[in-house]
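This report looks at strand pairing and at contacts between side chains in one protein chain. Please keep the sequence and the structure in view while reading.

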Amino acid sequence: METKKTGTTTVGIKARDGVVLAADTQASLDHMVETLNIRKIVPITDRIAITTAGSVGDVQALARMLEAEARYYQFTWNRPMSTKAMANLLSNILNENKWFPYLVQIIIGGYVDEPTLANLDALGGLVFDDYTATGSGSPFAIAVLEDGFKKDMSVEEAKELAVRAVRTAGKRDVYTGDRKVQVVVITKDGMKEEFVEFKE
């Protein structure tokens with residue numbers, strides 16, 4: 001069976017007072033652009049979100065699972081699940097299914113007790129980090145993040161760097177869009193989403 005190539009670029013940055021997630025909004029299938037207006041950052045709670053790279057159906061199924069687990073945790077313990085706990089839960093889910101894996105690369109970011117950012121591969125490999133990138137454009141994006149990241153960045157600085165990383169990837173990776181970037185900022189005050197558009 002012939003496979004169709006798809007791609008994307010998503011990035012995450014842990015700032016001093018929050019977490020910034022960013023992604024392009026182009027959905028591609030082989031040589032065709034299907035849409036320029038897809039959301040690739042999915043809220044799980046009001047304080048935690050994941051980015052999507054890989055099989056859309058797999059990510060959607062995992063998002064529903066995590067949302068249900070977060071609600072159950074809140075109901076049982078009367079407190080929100082931390083980002084670290086949710087990342088470990090997701091790692092376990094992915095690892096349990098490694099013989100028939102979810103075809104995903106996921107960044108999870110949130111601010112429950114503190115800003116937390118992690119990257120997960122399809123087999124459940126889990127790395128907590130200050131910045132990360134996934135998807136077909138990640139080699140280009142990670143170079144920009146590596147060059148521009150500094151400890152204790154402000155949320156605004158992290159947002160500018162995240163948008164630049166995604167846009168740079170979009171200029172070199174044919175499967176990543178560079179016209180619009182979805183940005184989600186999570187701080188102690190909650191989650192905010194915006195779209196940064198470029199005319200050229």
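The sections below take up a strand and its partners, then ring contacts, and then salt bridges, in what is a predicted model.

## Strand β1 and its partners

Strand β1 covers residues 10-14, and because 4 of its 5 residues are buried, the strand is largely enclosed by the rest of the structure. One of its partners is strand β2, residues 18-24, to which β1 is joined in the antiparallel sense by 5 bridges. The connection between β1 and β2 is a hairpin of 3 residues, and within this pairing Thr-10 stands opposite Ala-23 of β2.

Strand β1 also pairs with strand β11, residues 131-134, again running antiparallel, here over 4 bridges. In this second pairing Ile-13 has Tyr-131 of β11 as its bridge partner.

## Contacts of aromatic rings

Tyr-131, the bridge partner of Ile-13, also takes part in a ring contact. How many aromatic pairs does a search of the whole structure find? The search finds 1, and this pair is formed by Tyr-131 and Phe-149, whose ring centres are 4.9 Å apart and whose planes make an angle of 40°, an arrangement classed as tilted. The pair links distant parts of the chain, since Tyr-131 belongs to strand β11 while Phe-149 lies in the loop between α3 (138-148) and α4 (155-172), 18 residues apart. Tyr-131 and Phe-149 are both buried.

Two further rings are approached by lysine side chains. Lys-84 lies over the face of Phe-128, at 5.7 Å from the ring centre, and the charged end of Lys-180 sits over the ring of Phe-195, 5.6 Å from the centre of that ring.

## Salt bridges around Asp-130

A search of the whole structure finds 10 salt bridges, among them one in which the side chains of Asp-130 and Lys-14 meet with an N to O distance of 3.6 Å. This contact links distant parts of the chain, with Asp-130 in the loop between β10 (126-128) and β11, and Lys-14 in strand β1, 116 residues apart.

Asp-130 forms a salt bridge with Lys-151 as well, with the closest N and O atoms 2.6 Å apart. Here too distant parts of the chain are linked, as Asp-130 is in the loop between β10 and β11 and Lys-151 is in the loop between α3 and α4, 21 residues apart. Taken together, Lys-14, Asp-130 and Lys-151 are linked in a network of salt bridges.

How do the members of this network stand with respect to solvent access, buried or exposed? Asp-130 has a relative accessible area of 15% and is therefore buried, Lys-14 is partly exposed at 28%, and Lys-151, with a relative accessible area of 59%, is exposed.

## A salt bridge within helix α4

Another salt bridge is formed by the side chains of Lys-159 and Glu-156, which meet at 3.3 Å, N to O. Because Lys-159 and Glu-156 are 3 residues apart in helix α4, they are separated by about one helical turn. With a relative accessible area of 15%, Lys-159 is buried, whereas Glu-156, with a relative accessible area of 45%, is partly exposed.

Methods
Residues are numbered from 1 along each chain as its sequence is written. This is a predicted model: local features need pLDDT of at least 70, side-chain atom pairs count only at pLDDT 80 or more; totals for chains, interfaces and linings use all residues. Side-chain values use heavy atoms; hydrogens and water are left out. Buried means under 20% relative accessible area, exposed over 50%, partly exposed in between (1.4 Å probe, protein chains only). Helices (H or I, at least four residues) and strands (E, at least two) are DSSP runs, numbered from the N terminus. Two strands pair if DSSP finds at least two bridges between them. Rings of Phe, Tyr and Trp (its six-membered ring) pair if their centres lie within 6.5 Å; planes under 30 degrees apart count as stacked, over 60 as edge-to-face and the rest as tilted. A charge sits over a ring if NZ of Lys or CZ of Arg is within 6 Å of the ring centre and within 35 degrees of the ring normal. A salt bridge is a side-chain nitrogen of Lys or Arg within 4 Å of a carboxyl oxygen of Asp or Glu.
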